[in-house]
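Visitor: I've got a few questions about the fold and its partner. Could you walk me through them?

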Amino acid sequence: MWIRSTLAYRVSFAMTVFGTLLVTGLDFVAILLMFSQVDVLGGYTLPEVAFLYGLSATAFGIADLTIGSAGRLGSRVRDGTLDTLLVRPAPVLAQVAADRFALRRLGRITQGALVLGWSLVALDIDWTPGRVLMVPVTLLCGGAIFSAVFVAGAAFQFVAQDASEVQSAFTYGGQTLLQYPPTVFGRELVRGVTFVFPVAFVNWVPASYVLGRPYPLGLPRWAAFTSPLVALACCALAGLAWRTGLRSYRSTGS
Amino acid sequence: MGSARLYAAVASGGFRRYATYRVATAAGVFTNTVFGLILVYTYLALWDERPHLGGYDQAQAVSFVWLGQALYATLAIQGGGFETELMERIRTGDVAIDLYRPVDLQLWWLAHDLGRALFQLVGRGVIPFAFGALVFPTALPDDPVTWLAFLVAVVLAMIVSFGIRFLVALSGFWLLDGTGALQAMVVTGIFCSGMTLPLNAFPGPLGEVVRALPWAAQLQMPADLLMGETGPLSAFAFQAVWAVALLAAGRLLQGAATRRVVVQGG
């Protein structure tokens, strides 16, 4: 329904997709500006950073397209319209995800994929079957990890209500973080996003395998193949958080 | 004198209104701190590679990041002030009632927005900035006169920011659906105000252009003033010229829009 309603205004739709493309493309422009002044950043060249960027932006785009609407849960809790979803005979999470499903978010995926595509052309990689396979697997797992973050954030909003900005810190913040090489950041921060809030598995760890770079924190070589497990664990935890949140939900009654 | 009291009351109303969102304010503080951390590390890597990029040393680059995070909500760099509300009122026609009132539309919203900005500065700006200054080496002056001049520059920046957003909001009279205009504002806001990279680090002619645009009056000027990169008089002059130009343009557009509303019959 939301897709049809969006497509009803073709020009407006095209404009918003283009606009999203532009807005999300800006952070890559910022990276390009940085590289207009330097040759390497944290020891990584522009195509390598573009590879990291493309992986994380596309994975984030996938998550944002499928479940990004969950960010609006807080306002539904505040104004009491969540009750409408509760009485319908469909899973609440599915309804929340489909709520105002915004096809314009295709702009984000397109932009990420373009940068990723360019980096694959520009990079000089010795492609083995393992490395080739790693790219799509990483995108899917990254999308799943980011989706889990979105769901967990939505669950948190059952409690916090108008703290959607905290969620942005983890979703958009996480994505911004992953656009840069892990060598840029302090060791404690890298440790945190590897073991506590494991977004490092969205791109840093698998990309190190593809690029043939030393792993962050000196992780073992097989760590690159654990992304699906990490993604699974994240989704399970997020699902648990969601159920707990939903159970604790009390309607405002308005 | 009576009208000055009125606008002061409107401003304090704006301040109090945003002060009621306590959880949202705390959440904003957290978010700005996280983004500040991420940016600081990337800037440190960049300035490691190119010391004195844009005439800044590392401590100045770090200070710039935290100033940006502190002023992000204050200057509504990506929006989030009164503009969506005014646009909605224009779309629904409620603005006709506002125009009927014996107060000026532009001054009313300016007062309201200054109140909001002041709250955001205190509520959302101080903590991330203090955190950044305590944890990272920064280049901040000890001399109170410079801090005073900095605060003046921040107020001028608030007015410039209002001027831009008022024009964007008024575009609603012609466009009706403001989504596109708001999106354009987000793009220019992040890019041209130096939130992604200090404007003095922009290369070549692109740098010269962005440094002359009104967005440079928002973050770049107060930051340069605080860190002694520019004198107060030239900074104030640059900001004031843009503030006057934007407010005058807003006034003209408001006049034209008002006549339009009457024709449509509200």
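Visitor: How does the radius of gyration of chain B sit with that of a compact globule?
Guide: Bear in mind that this is a predicted model. A compact globule of 266 residues would come out near 18 Å, so chain B agrees with that rule, its own radius of gyration being 19 Å.

Visitor: What are the elements of chain B, helices or strands?
Guide: Reading from the N terminus, the elements run α-α-α-α-α-α-α-α-α-α-α-α. Strands number 0, and the count of helices is 12.

Visitor: What share of the contacts in chain B with a separation of 6 or more comes from residues 24 or more positions apart?
Guide: For background, 51% of the 266 residues in chain B count as buried. As for the contacts with a separation of 6 or more, the share from residues 24 or more positions apart is 80%.

Visitor: How far apart are the centres of the positive and negative side chains in chain B?
Guide: Chain B carries 15 positive side chains and 16 negative ones. Take the centre of each set, and the two lie apart by 13 Å.

Visitor: Which three residues supply more than any other three of the area that chain B buries against chain A?
Guide: On the chain B side, 29 residues are in contact with 34 residues of chain A. The area buried between the two chains is about 2,700 Å², with carbon and sulfur atoms giving 77% of it. Of the part that chain B buries, 19% is down to the trio you're after: B:Ile38, B:Tyr41 and B:Gln183.

Conventions. Residues numbered from 1 in each chain as written. Chains lettered and ligands numbered in written order. Predicted model: local features only at pLDDT ≥ 70, side-chain atom pairs only at ≥ 80, totals over all residues. Heavy atoms only, no water. Helix = DSSP H or I, 4+ residues; strand = E, 2+ residues; numbered from the N terminus. Rg over C-alpha atoms; globule rule 2.2 N^0.38 Å. Buried < 20%, exposed > 50% of the residue type's maximum accessible area, 1.4 Å probe, protein only. Contact = heavy atoms within 4.5 Å. Lys, Arg positive; Asp, Glu negative; His and termini not counted. Charge placed at Lys NZ, Arg CZ, Asp CG, Glu CD. Buried area = accessible area lost by both parts, 1.4 Å probe.
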